[in-house]
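Got your viewer open? Let's take a walk through this one, stop by stop.

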Amino acid sequence: MAKHKTPLLDQLESGPWPSFVSDVKQEAEARAKNEKGLDYQIPVDCPEDLLGVLELSYEDGETHWKHGGIVGVFGYGGGVIGRYCDQPEKFPGVAHFHTMRVAQPAGKWYTTKFLRDVCDLWDLRGSGLTNMHGSTGDIVLLGTTTPQLEEIFFELTHNLDNDLGGSGSNLRTPAACMGMSRCEYACYNTQELCYNLTQEYQDELHRPAFPYKFKFKFDGCPNGCVAAIARSDLGFLGTWKGAIQIDQEAVAAYVGGEIAPNAGAHADGDWGAFDIQKEVVDICPSQCISYEDGKLKIDNSECVRCMHCINTMPRALRPGVERGTSIFCGAKAPILDGPQMGSLLVPFVEVNADDDYQAIKDIIEGVWDWWMEEGKNRERVGETMKRLGFGALVRAAGVPFDPRQVQEPRHNPYIFWKADDVEGGWDRDINDYRERHQR
Amino acid sequence: MAFISSGYNPEKPMEGRITDIGPQHFDKFLPPVIKNNFGKWLYHEILEPGLLVHVAESGDKVYTIRCGAARLMSVTLIREVCDIADKYCGGHLRFTTRNNIEFMVETEEDAKALKKHLNDQKFDGGSYKFPVGGTGAGVTNIVHTQGWVHCHTPATDASGTVKATMDEVFEEFTHMRLPAPVRISMACCLNMCGAVHCSDISILGIHRKPPMIDHEYLDNLCEIPLAVAACPTGAIRPSKVEIDGKSFKTVAVKEERCMFCGNCYTMCPSMPLSDKEGDGIALMVGGKISNRISKPAFSKVVVPFIPNEPPRWPTMTKTIRKILDAYAKGANKYERLGDWATRIGWERFFEVCELPFTEHLIDDFRDPAYYTWRQTSQFKW
Ligand code: HEM
Ligand code: HEM
Ligand code: HEM
Ligand code: SF4
Ligand code: SF4
Ligand code: SF4
Ligand code: SF4
């Protein structure tokens with residue numbers, strides 16, 4: 001028998017999409033049965049009380065979580081999101097309902113052994129509910145009590161060899177697309193760079209030392225499967241220099257209808273036979289492709305590497321061989337002064353594992369030094385850029401100015417010059433002036 | 001319930017403490033076929049909805065079956081996922097950046113068998129546990145947030161709105177018949193934890209009433225300058241009030257300057273603003289992340305308000321359906337929703353989607369608002 005009546009939530013059990021309500025109910029039942037005979041460390045009916053409080057929110061149209069909550073583990077300044085219910089007498093099972101962020105492997109590959117270990121730990125010491133995964137990337141363990149936090153952390157580090165993720169004004173958990181593990185477009189090893197930088201900057205991740213939060217994300221190519229350009233303060237998008245590799249025989253196979261365009265992504269639609277002129281040549285944003293006499297030609301110097309032709313004919317076209325990454329800076333959600341996507345800071349840098357990615361680390365640390373000094377309280381780096389100018393960022397990163405950094409040059413002439421850059425400087429005598437120009 | 005120690009000693013908290021070890025290296029988790037062909041993939045094909053094959057230089061193949069998931073999931077369900085991966089995939093699996101689950105096998109027969117097995121699994125309530133799909137030009141999983149399940153600043157629920165929407169567009173999850181992929185995202189307040197500002201269609205929780213002020217507690221619970229600095233429109237200033245002859249330091253909100261973002265509440269627990277009738281949903285469309293053909297773009301607000309209608313949000317799901325249908329009918333192949341709307345013009349977008357245009361949709365936030373008005377005589381009747 002369910003502890004609370006949930007007539008509204010029950011309506012979310014029907015329909016084809018996996019029902020979180022059915023799943024939470026199944027967990028509630030499993031805990032009630034307790035086939036393994038666990039001595040649950042938080043209330044057995046925690047999932048039932050979660051459904052209860054959620055049902056109440058569905059009636060009231062308002063959240064029933066108190067504001068904020070500051071909890072954690074010794075040694076760290078983040079990693080746990082504290083949360084308390086505002087109706088603890090009615091729903092004692094979720095009086096404490098803290099979230100723990102657990103660092104996930106890059107690309108989110110798992111063995112069942114690891115996941116089962118996490119489940120065993122969480123079954124005993126938490127609600128049995130999770131998010132797989134948080135939008136930043138962490139494994140999210142949803143709901144436990146304060147006394148369990150250190151216990152969970154101890155088991156996590158000692159038995160599972162795994163750390164917490166980030167929260168607060170610090171480096172958050174970095175995330176990568178699956179990159180070279182299963183994608184032919186990957187221009188660098190996104191997962192390795194993600195792992196390397198996560199380890200390099202553990203201190204910055206666990207102990208808030210920044211004006212505000214800061215995120216890294218790693219996409220292997222401009223398709224952006226981890227959305228680095230929209231969802232990270234520093235976003236890395238793989239790219240290449242030089243020619244797109246063309247296999248003319250495979251091009252002919254596409255034209256001849258032997259291979260489906262875009263790997264078959266439109267198979268259920270009624271789009272007619274593949275038309276290379278219409279579907280590739282005519283919509284290349286640079287108009288730098290031509291198809292004549294059965295040969296596909298690309299004027300690579302004009303290509304902006306948008307990926308469209310490669311996406312459409314993956315068996316015939318491949319990214320060039322000289323590969324690296326672009327770096328974009330400043331993406332953020334609207335609060336405070338409006339949403340931003342990352343702006344191109346570094347058009348190309350090698351991703352060099354041999355020197356432990358030193359060139360990339362120099363850029364990151366240059367940006368941090370500047371922003372930690374200049375950034376105001378709770379000001380994202382994107383906002384600092386807006387306030388102090390893109391030029392200041394470029395200088396901080398120690399990279400050259402480049403026309404690729406702008407979509408277009410400014411159209412107002414409110415140009416700042418430094419006194420040193422102007423012949424004669426700014427120290428002038430009005431009397432000299434008056435000798436030439438009468439009052 | 002007896003306390004079970006993990007070995008942690010609260011008397012000596014720093015003793016034996018392990019810190020700064022980070023996540024595990026992904027290499028430990030890769031299936032053999034992935035490890036062997038790492039960085040050596042030649043091409044891929046989508047064999048049918050939810051089923052991909054990647055072919056390596058060595059000739060090795062890996063078949064991937066992608067299935068939907070609710071993101072909010074129990075350990076019981078994760079263990080079921082593990083059972084499946086143990087039975088079919090040598091104990092390996094992965095999760096995607098949109099919170100779908102991917103199982104990898106090495107032959108097409110195994111892949112088809114696994115697809116069938118996944119589609120056969122159902123919850124007691126009748127919904128699929130692991131519906132296969134989410135590939136190609138369709139609708140995949142909805143990136144979403146905490147909602148009433150865990151957060152204190154939402155204006156709507158995440159898990160509920162997402163379930164209602166995915167039920168409505170389920171056919172598009174299991175098919176690939178749209179002009180291009182349509183990414184739907186959801187955030188329960190305009191902190192936009194996730195991808196709402198850059199998706200084809202976005203569901204966003206919004207408030208419509210200014211915060212209430214708990215004057216008697218505010219100074220004890222909040223740093224007043226932080227609450228003042230939290231406001232994008234400068235609506236908050238420090239002030240004093242008298243209650244029963246006692247004077248309290250607090251803040252005042254200029255209500256006509258407040259646009260209900262809730263950021264002051266994020267900073268100050270004494271300024272709550274959620275409200276049953278006031279709160280609801282705005283819909284945004286036309287954002288994208290990839291650089292394919294056109295540049296990445298922000299999503300734009302096209303429906304300023306839809307009331308919260310738990311548990312199934314029918315007005316919201318119907319409106320999403322209408323937009324999706326108009327797009328499917330009007331767009332060219334490869335054209336993302338935003339590219340289509342820009343090509344036909346936003347005036348035409350409102351017409352074909354049968355959406356009313358109101359004053360709320362015209363930008364009035366600071367300097368950049370100007371650039372969103374129309375500085376040309378080019379428009380359609
Ligand atoms: C009020 C309390 C808040 C809660 C409970 C909350 C919760 C979360 C959670 C659980 C995640 C996923 C984290 C992960 O994967 O580790 C997240 C991500 C995110 N949060 Fe929040 N958040 C809060 C406040 C904010 C604020 C104030 C902002 C911005 C002004 C914000 C912006 C974001 C963004 C943009 C992401 C996604 C970033 C990405 O895609 O990586 N959140 N939030
Ligand atoms: C070999 C080719 C590719 C692979 C292996 C790949 C892999 C993936 C995967 C596994 C996801 C998560 C999908 C889901 O859960 O529904 C994803 C998401 C995504 N992919 Fe790809 N993808 C490929 C090609 C592309 C192409 C051609 C584009 C764009 C034209 C693209 C753009 C994206 C975007 C924008 C996302 C969603 C990010 C977000 O909104 O969170 N990908 N990709
Ligand atoms: C000592 C400072 C300046 C003086 C004495 C001055 C004087 C003038 C005068 C007399 C005109 C013509 C007005 C007319 O059409 O009757 C003018 C036009 C204009 N000025 Fe200035 N100006 C000064 C500084 C600036 C600055 C710093 C800017 C911008 C950076 C500026 C931008 C303009 C513009 C945009 C026009 C209009 C041009 C047009 O007709 O299209 N002026 N100015
Ligand atoms: S971002 Fe590019 S390299 Fe990474 S998975 Fe997507 S398509 Fe592949
Ligand atoms: S990658 Fe884009 S810009 Fe370059 S040739 Fe292909 S379609 Fe044109
Ligand atoms: S979007 Fe807003 S309400 Fe939703 S989880 Fe993020 S901060 Fe909380
Ligand atoms: S809700 Fe937003 S706009 Fe209104 S007073 Fe608070 S911070 Fe300012």
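Start by coloring the two chains: between chain A and chain B about 12,700 Å² is buried, and carbon and sulfur atoms give 59% of that. Buried area here is the accessible area, taken with a 1.4 Å probe, that two parts lose on being put together, summed over both. Now pick out A:W17, A:H67 and A:R182, which supply 8% of the area that chain A buries against chain B, more than any other three residues.

Before you go on, two notes on what you're looking at. This is a predicted model, where local features need pLDDT of at least 70 and side-chain atom pairs count only at pLDDT 80 or more, while totals for chains, interfaces and linings use all residues. Residues are numbered from 1 along each chain as its sequence is written, chains are lettered from A and ligands numbered from 1 in the order in which they are written, and side-chain values use heavy atoms, with hydrogens and water left out.

Next, select everything in contact across the interface (heavy atoms within 4.5 Å). You should light up 146 residues from chain A and 145 residues from chain B.

Zoom in on A:E150 and B:R17: they form a salt bridge, with the closest N and O atoms 2.9 Å apart. The rule for that is a side-chain nitrogen of Lys or Arg within 4 Å of a carboxyl oxygen of Asp or Glu, and across this interface it finds ten salt bridges. Show helix α4 of chain A (residues 112-125) too, since with ten residues that helix gives the most to the side of chain A that touches chain B. Helices here are DSSP runs of H or I, at least four residues, and strands are runs of E, at least two, numbered from the N terminus.

Now select ligand 1, which lies between chains A and B. What surrounds it? There are 23 residues, and the closest are A:T136, A:D138, A:K217, A:R231 and B:C193; a residue counts if one of its heavy atoms lies within 4 Å. Look for an oxygen atom of ligand 1 that is 2.3 Å from an N or O atom in the side chain of A:D138. Another spot to check is A:T136, where a polar backbone atom is 2.7 Å from an oxygen atom of the ligand.

Last stop: ligand 2. Its iron atom has a single donor from the protein, A:C225 (SG), 2.2 Å away. Donors are N, O and S atoms within 2.8 Å of the metal (3.2 Å for Na, K and Ca), and water is not among the atoms, so sites may look incomplete. Follow the backbone and you'll find A:C225 in the loop between β7 (216-219) and α8 (228-231) of chain A.

Methods. A polar contact is a pair of N or O atoms within 3.5 Å; within protein, one must be able to donate a hydrogen and the other to accept it, and residues adjacent in sequence count only if both atoms are side-chain atoms.
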